[in-house]
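Work through the exercises below with the sequence and the model in view. Each task is followed by a solution in steps.

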Amino acid sequence: MKHISILVPEGDTSLSNLEATHKMFTMANGHLERSGQSLLFDVHLVGRSSKSQVSNGIFSIKPDCTIEEVKKTDLIIIPAIHGDIHKILKANLDFVPWIKAQYEKGAEVASLCIGAFLLAKTGLLNGKSCATHWLMTKAFREMYPEVQLVDDKIITDEARIYTSGGAYSSLNLNLYLIEKFVGRDMAILSSKIFEIDINRQSQSPFIIFKGQKCHSDKTVKEAQEYIEVNFNEKLTVDGLSEMYAISRRTFERRFKKATSNTVIEYIQRVRVEAAKKKLEANGTSINEVMYEVGYIDAKTFRELFKKLVGMSPVDYRNRYYKEVEMV
């Protein structure tokens, strides 16, 4: 049997991560048993101590064993932990050497949502790809520059380490692991029972671009604000650099350093975010939206929209716009 250790960290732990993960693996066991097969998973909630953990001051969670009691495990799953990330990591440092030691013994490790911060603290993600919630990507990059963060991915799989995007994307990672350990049929069955889209690969449709302004470059901030107000006009890197009396090369270097985007990428992301809001808010045609946000070529607009959002403008409008019937 594969020993699974679902960690119960100190702090406001995601109950949905814990409960859904535990249930999905135990449900797979139940189906195996009913079909006359051997159980495959030995699932445990593992804490720093055996005391009940309080989540959000409302719910309590009782680990059934401690990290000291688990001498060897096959899969460690780290749930999301909410709150001040620095305080969270400090409170859960005891997990770090244990996770590293288990990995060195051959264990696989998975993080759910912002559980990636605790996984990255071990150093095991250095040089590897990683997904986390899109709201936390800037903080993650600042804390762990050695990790190759992928903004849009829901799942990464590299060197026995798995990560997932937003909190409920953990369900997709659970399905992925069930398929890997049991098979496609069990993954499909689980997706139907839990009503999860088994083929969802990207969190791009859910990302809200708000501009990266947590930096100290005043000129770049002014340029960002100008772009955000005048995105539907003809904007060029040369024009913006001349406006702020900086050479193009220096302007581009400073802009990329401050925002993690090139100037062109920033303009594109602002325009696409404006297009998303228009598609959500009214029944305007795709071409009208395209012109309103500063594009004149339909093919270019569709390709850029799909690249950044993960679906076409038509599919996005169909998903998020609902015409309100007048009474």
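**Exercise 1. Across the sheet**

Task: State which strands helix α6 lies across, and give its angle to β13.

Solution. In this predicted model, locate helix α6 at residues 170–181. Helix α6 lies across β1, β3, β7, β9, β12 and β13. Its direction runs at about 150° to β13.

Next, place these strands in their sheet. The sheet is open and has 7 strands, in the order β6-β3-β1-β7-β9-β13-β12, with mixed pairing. Its edge strands are β6 (65–66) and β12 (155–158), each of which pairs on one side only. Helix α1 (residues 15–34) also packs on the sheet, where it touches β1 (2–8), β3 (41–47) and β7 (75–78). The direction of α1 makes about 160° with that of β3.

Last, look at one pair of strands. β9 (residues 108–111) and β13 (residues 161–164) pair in the parallel sense, over 3 bridges. Ala110 stands opposite Tyr162 in β13.

**Exercise 2. Strand β1**

Task: Find how many residues of β1 are buried, and which strands β1 pairs with.

Solution. Begin with the count: 7 of the 7 residues of β1 are buried, so the strand is largely enclosed by the rest of the structure.

Then sort the side chains by direction. In a regular strand they alternate between the two faces of the sheet. In β1, Lys2, Ile4, Ile6 and Val8 point one way, while His3, Ser5 and Leu7 point the other way.

Now take the partners. β1 and β3 are parallel and pair over 7 bridges, with Ser5 opposite His44 in β3. β1 and β7 also run parallel, joined by 3 bridges; the bridge partner of Ile4 in β7 is Leu75.

Finish with a lysine of this strand, Lys2. Buried means under 20% relative accessible area, and Lys2, at 19%, therefore counts as buried. Leaving aside its neighbours within four places in sequence, Lys2 is in contact with Leu40, Phe41, Asp42, Asp74, Glu108 and Phe181.

**Exercise 3. Helix α13**

Task: Check the span of helix α13 against its number of residues, then decide where its buried residues sit around the axis.

Solution. α13 covers residues 298–309, which is 12 residues. The expected span is 1.5 Å times one less than the number of residues. This gives 16 Å for α13, and the end C-alpha atoms are 16 Å apart, so the two agree.

The buried residues of α13 are Phe301, Leu304, Phe305 and Val309. They cover an arc of only 110° around the axis, which puts them on the same side of α13. An α-helix has 3.6 residues a turn, so residues three or four places apart point the same way.

On the other side of α13, Lys299, Lys306 and Lys307 are exposed. The buried residues are covered by elements including α11 (263–281), α12 (286–292) and α14 (313–320). Just after α13, Gly310 takes a positive phi of about 90°.

**Exercise 4. Thr122 in its loop**

Task: Say whether Thr122 is buried or exposed, and which backbone atoms lie close to polar atoms of its side chain.

Solution. Thr122 lies in the loop between α4 (116–121) and β10 (129–130). Its relative accessible area is 5%, so Thr122 is buried.

Two polar contacts involve its side chain. The backbone oxygen of Leu119 lies 2.5 Å from a polar atom of the Thr122 side chain. The backbone nitrogen of Leu124 lies 3.1 Å from a polar atom of that side chain. Beyond its neighbours within four places in sequence, Thr122 is in contact with Val96, Ile99 and Lys100.

**Exercise 5. Positive phi outside glycine**

Task: Describe where Ala159 and Ala245 lie, and how accessible each residue is.

Solution. As background, most residues other than glycine have a negative phi. Ala159 has a positive phi, near 55°. Ala245 has a positive phi of about 55° although it is not a glycine.

Ala159 is found in the loop between β12 and β13. With a relative accessible area of 41%, Ala159 is partly exposed.

Ala245 lies in the loop between α9 (237–243) and α10 (248–259). At 72% relative accessibility, Ala245 counts as exposed.

Definitions and conventions:
Residues are numbered from 1 along each chain as its sequence is written. This is a predicted model: local features need pLDDT of at least 70, side-chain atom pairs count only at pLDDT 80 or more; totals for chains, interfaces and linings use all residues. Side-chain values use heavy atoms; hydrogens and water are left out. Helices (H or I, at least four residues) and strands (E, at least two) are DSSP runs, numbered from the N terminus. Buried means under 20% relative accessible area, exposed over 50%, partly exposed in between (1.4 Å probe, protein chains only). The arc is that of the directions from the helix axis to the C-beta atoms. Contact means heavy atoms within 4.5 Å. A polar contact is a pair of N or O atoms within 3.5 Å; within protein, one must be able to donate a hydrogen and the other to accept it, and residues adjacent in sequence count only if both atoms are side-chain atoms. Two strands pair if DSSP finds at least two bridges between them. Axes are lines fitted to C-alpha atoms, for helices over the stretch in contact, and angles run from 0 to 180 degrees between N-to-C directions.
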